[in-house]
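Hello,

Here is the structure I promised to pass on. Please have it open while you read, and my notes on it follow below.

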Amino acid sequence: MPHAKIQVAAAEDGSLSYAVPVAPEALPAVTPTALLAAWDAARDRAHAGQWGPTRTLLFRRSDGSATVLSIADRDARSWAEAVDRRAGLETLPGLALCLRLLALVEVMGRSAWMAGLFAVTADGVELHPSLLRAAAAQPLDAGARFDAEELRGLLSRTLPGPPEAGPRVLA
């Protein structure tokens, strides 16, 4: 599967269309190191105000159906462009890296329970290594997003528990 071909077509308006021969759920895992490097490259590109084109992704499923996703948001376009320049969105590993990066940003924004796994600082964002490992390995869903509860379950098995409480003295 990593060598399956993604066909890319450019429209007159500069937008790009990708015919992906697998469903989003079948995209390969990536390494945490690659995910972090893509995050940094994408952040730098967005800070520089360099926006990429709109991208439409057509995923073919084994049953003949298809899923269509669009990367049209200005920031998402910028992040996709950064990953394209770094890893190539015409490859399954490159597309997997891009969609995992976008899914990570999206799930961080909608899942309050993740607050302790990342910190936004003046220099960027600091991601807990367990969060990076989980996002690199967790399969995407049909909409190329992370299932927040599955991710939470995976993280609950990899994060250390709270420190043991000592005996309580009641007065």
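A salt bridge, as I use the term here, is a side-chain nitrogen of Lys or Arg within 4 Å of a carboxyl oxygen of Asp or Glu. By that rule R43 and D44 form one through their side chains, with 3.3 Å from N to O. Before I go further, please keep in mind that this is a predicted model.

**The R43 and D44 pair**

Are these two partners buried or exposed? R43 counts as buried because its relative accessibility is 18%, and the limit for buried is under 20%. D44 has a relative accessible area of 47% and is partly exposed.

**Other salt bridges**

How many salt bridges does a search of the whole structure find? The search comes up with eight. As general background, side chains of opposite charge can pair when their charged atoms come close.

Another of the pairs is R61 with E25, whose side chains meet at 3.2 Å from N to O. R61 sits in the loop between β3 (55–60) and β4 (66–71), while E25 sits in the loop between β2 (16–20) and α1 (32–47), so this salt bridge ties together parts that are 36 residues apart in sequence. R61 is partly exposed at 21% relative accessibility, and E25 is partly exposed at 34%.

R145 and E106 form a salt bridge too, with their closest N and O atoms 2.7 Å apart. This pair links distant parts of the chain: R145 belongs to the loop between α4 (129–137) and α5 (148–158), E106 belongs to helix α3 (residues 92–110), and the two are 39 residues apart. R145 counts as partly exposed at 36% relative accessibility, and E106 is partly exposed with a relative accessible area of 28%.

There is also a network of salt bridges, and it links R55, E81, D84 and R85.

**The fold as a whole**

Stepping back to the whole chain, you will find five helices and six strands. In sequence order they follow the pattern β-β-α-β-β-α-α-β-β-α-α. The chain has 171 residues, and buried residues make up 41% of them. Among contacts with a separation of 6 or more, 66% come from residues 24 or more positions apart. The accessible surface of the protein chain is about 9400 Å², and carbon and sulfur atoms account for 55% of that surface.

**The four-stranded sheet**

Four strands make an open sheet in the order β1-β2-β3-β4, and their pairing is mixed. β1 and β4 are the edge strands, each pairing on one side only. From one strand to the next, the twist averages 15°.

Strand β1 (residues 7–10) runs antiparallel to β2 and is joined to it by four bridges. If you would like a landmark there, A10 has L16 in β2 as its bridge partner. β1 and β2 form a hairpin with five residues between them, and G14 in the turn has a positive phi of about 95°.

On to the next pairing: β2 and β3 are parallel, over five bridges. Here Y18 has L57 in β3 as its bridge partner. To get from β2 to β3 the chain passes through α1, and this β-α-β crossover is right-handed.

Which residues of β2 lie on its covered face, and which on its uncovered one? L16, Y18 and V20 are on the covered face, whereas S17 and A19 are on the uncovered face.

**Helices over the sheet**

Helix α2 (residues 74–87) lies across β2, β3 and β4, running at about 70° to β3. Helix α3 also lies across β2, β3 and β4, and its angle to β3 is about 115°.

One residue of α3 that I would point you to is L97. L97 is buried, with a relative accessible area of 6%. Leaving aside neighbours within four places in sequence, L97 is in contact with V30, A34, L35, A38, V83 and A87. For L97 and L35, which are 62 residues apart along the chain, the C-alpha atoms are separated by 6.5 Å.

Happy browsing, and do write back with any questions.

Best wishes

Technical notes: Residues numbered from 1 in each chain as written. Predicted model: local features only at pLDDT ≥ 70, side-chain atom pairs only at ≥ 80, totals over all residues. Heavy atoms only, no water. Buried < 20%, exposed > 50% of the residue type's maximum accessible area, 1.4 Å probe, protein only. Pairing = 2+ DSSP bridges. Right-handed = clockwise from strand over helix to strand, strands pointing away. Contact = heavy atoms within 4.5 Å. Areas by Shrake-Rupley, 256 points an atom, 1.4 Å probe, with all protein chains shown as cover. Axes fitted to C-alpha atoms, helices over the stretch in contact; angles between N-to-C directions.
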